[in-house]
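This report describes how a ligand and its accompanying metal ions are held by a protein chain. The structure is shown below, and the account follows from it.

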Amino acid sequence: HSVGIIGAPFSKGQSRDGVQLGPDLIRAAGLVEKLKGQGCTVKDYGNLTFEEVAKDETTGRAKRPRAVGQANKQLSEAVRKIKNEGHACVMLGGDHSLAIGSIHGHAACGTQLSVVWVDAHADINTPLTTPTGNIHGQPMSYLIHELRSKIPVMPNFSWLKPCIAAEDVVYIGLRDVDPEEHYILKYLGIKTFSMTEVDYLGIAKVMEQTCDHIFSKVKKPIHLSYDIDALDPSLAPATGTPVVGGLTYREGIYITEHICQTGLLSAVDMVEVNPKRGGTDNGVRSTVDAAVDLLLGCFGRVREG
Ligand SMILES: N[C@@]1(C(=O)O)CN(C[C@@H]2CCCCN2)C[C@@H]1CCC[B-](O)(O)O
Ligand SMILES: [Mn+2]
Ligand SMILES: [Mn+2]
Ligand SMILES: [Mn+2]
């Protein structure tokens, strides 16, 4: 595996300080060395730097739109470059609004993508349905073709065009979905595996059915967008919106091992690690180590050795 890493120390898609520290924490836990140790070639493109945006008043109900739009434009260009240079792209967040730029930049190289979204949340509120205004709860609404008419004009978002089809999206780990999001998921017929399905089917069947779904027509490169809050907070407490009843470590890792063995993983986001939310030091350590192990699973580490 040839891997390109980009850090996006960005927090303006939500309101809690600390998530911008994620990229360097994940690096400090040895991501690059460990990827090399399992035979990957790795190029670390460093961290993006985001200019402060003055006077960023709310549009519709989306908060801090200028900052989010500008950051994601930068990220899109960076991800596109990494893909054009022939690497699988690892985007280290930062909050989940960064999936806007990551997926847009990945799609920019012309290919149709499948998106596997691993998260306690659907992150598919529109700027008009959002209950909080935080854009980390909205990224998918800007990216999906079928929702285009639901997105108002927003400052610093004119560069963004939707780039994925609803039928090419699969969610895993849902357990905190707003009513408006649930309506959107049903209306678009988007494939979802909530924690109920994870319990009912077991993670192996969930992954089998995920792959059946995304490969049902033509095999496309996979964009895996992994929100660390998909994992149970007992394992990953250092995150902005923890929700009880999450994935075990084993289930989280199984997802990445299974996606890896498809041979189609083309980009992965690892987002929402926030050291200021972990409570104790070992809560932060546990969260960061899980993030690293998930990424190692994406690029060939298997538990059998
Ligand atoms: N849907 C949300 C939004 O703000 O839009 C509302 N929710 C918080 C809310 C707390 C009270 C019970 C219902 N849920 C967080 C979620 C966004 C998570 C973003 B992610 O990137 O962490 O997934
Ligand atoms: Mn989440
Ligand atoms: Mn998320
Ligand atoms: Mn979160």
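## Buried aspartates and the metal site

In this predicted model, D227 and D229 are both buried. These two residues also serve the manganese ion (ligand 2), whose coordinating atoms come from D119 (OD), H121 (ND1), D227 (OD), D229 (OD) and D229 (OD), at 2.1 to 2.5 Å. Along the chain, the donors of this manganese ion (ligand 2) are spaced as D-x1-H-x105-D-x1-D.

A further manganese ion (ligand 3) lies 3.3 Å from the manganese ion (ligand 2). D119 coordinates both ions.

## Polar contacts of ligand 1

Two donors of the manganese ion (ligand 2), D119 and H121, also approach ligand 1. An N or O atom in the side chain of D119 is 3.2 Å from an oxygen atom of ligand 1, and for the side chain of H121 the corresponding distance is 3.1 Å. The side chain of T241 likewise places an N or O atom 3.0 Å from an oxygen atom of ligand 1.

Taken alone, ligand 1 exposes 530 Å², of which the protein buries 75%.

## Shell and pocket

Ligand 1 is surrounded by 16 residues, the closest being D123, N125, T132, D178 and D227. D227 thus belongs to this shell and is also a donor to the manganese ion (ligand 2). By character, the shell comprises eight charged residues, seven polar residues and one nonpolar residue. The space that ligand 1 takes is the largest pocket.

How values were computed:
Residues are numbered from 1 along each chain as its sequence is written. Chains are lettered from A and ligands numbered from 1 in the order in which they are written. This is a predicted model: local features need pLDDT of at least 70, side-chain atom pairs count only at pLDDT 80 or more; totals for chains, interfaces and linings use all residues. Side-chain values use heavy atoms; hydrogens and water are left out. A residue is near a molecule or strand if one of its heavy atoms lies within 4 Å of it. A polar contact is a pair of N or O atoms within 3.5 Å; within protein, one must be able to donate a hydrogen and the other to accept it, and residues adjacent in sequence count only if both atoms are side-chain atoms. Accessible areas come from the Shrake-Rupley method with a 1.4 Å probe; for residues, only the protein chains shown count as cover. On a 1 Å grid over the protein atoms alone, a cavity is a set of points where a 1.4 Å probe fits but cannot get out, and a pocket is an open set with protein on both sides within 12 Å along at least five of seven lines; lining residues have an atom within 4 Å of a point. A molecule sits in a cavity or pocket if more than half of its atoms lie within 2 Å of its grid points. Ala, Val, Leu, Ile, Met, Phe, Trp, Tyr, Cys and Pro count as nonpolar, Asp, Glu, Lys and Arg as charged, and the others, Gly among them, as polar. Donors are N, O and S atoms within 2.8 Å of the metal (3.2 Å for Na, K and Ca); water is not among the atoms, so sites may look incomplete. Buried means under 20% relative accessible area, exposed over 50%, partly exposed in between (1.4 Å probe, protein chains only).
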